[in-house]
Amino acid sequence: QLQASGGGLAQAGGSLRLSCAISGRPSRAYAIGWFRQAPGKERDFVSAVNWDDGYTYYADSVKGRTTISIDYAKNTVNLQMNSLKPEDTAVYYCAVGRRYSNNPAAFGAWGRGTLVTVSS
């Protein structure tokens, strides 16, 4: 089971650090992904990391200002978001799924999301 936290209110240009706490240890064959869903919109891919080799990948909309990382000691996956924009406003979710995939359908064990609100 996964649980996202760390959301809140930030100003445009600011930063937030989201964390995904994982119960149990994911199989080496999986990735942990971050997705977001704005009101009235579909759930979109943000970033993911392969649990075994740490390979990371990002959506173009966040590339260059977002960093995903694994804390193996704490069994968490962190998402550092910088230079926030109002369009980053959404509920952010983490999930476990297929490596190298950015398709929400390839992920499961969705936990409760965390709300990020960016004011202009």
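In the predicted model, S83 is located in the loop that connects strand 8 to strand 9 (90-98). Its backbone adopts a positive phi of about 50°, although S83 is not a glycine. Residues other than glycine mostly have a negative phi. The relative accessible area of S83 is 40%, so the residue is classed as partly exposed, since this value falls between the limits of 20% and 50%.

A positive phi also occurs at N75, again in a residue other than glycine, with a value near 55°. N75 belongs to the loop between strand 7 (66-71) and strand 8 (76-81). Strand 8 thus has N75 in the loop before it and S83 in the loop after it. With a relative accessible area of 11%, N75 is buried, because this value is under the 20% limit. The two loop residues therefore fall into separate accessibility classes, N75 being buried and S83 partly exposed.

G8 is placed within strand 2, which covers residues 8-11. Its relative accessibility of 24% makes G8 partly exposed, because the value is not under the 20% that defines a buried residue. When residues up to four places away in sequence are left out, G8 is in contact with L16, L115, V116 and T117. A further spatial relation links G8 to T89: their C-alpha atoms are separated by 9.8 Å, while the two residues are 81 residues apart along the chain.

Note on methods:
Residues are numbered from 1 along each chain as its sequence is written. This is a predicted model: local features need pLDDT of at least 70, side-chain atom pairs count only at pLDDT 80 or more; totals for chains, interfaces and linings use all residues. Side-chain values use heavy atoms; hydrogens and water are left out. Helices (H or I, at least four residues) and strands (E, at least two) are DSSP runs, numbered from the N terminus. Buried means under 20% relative accessible area, exposed over 50%, partly exposed in between (1.4 Å probe, protein chains only). Contact means heavy atoms within 4.5 Å.
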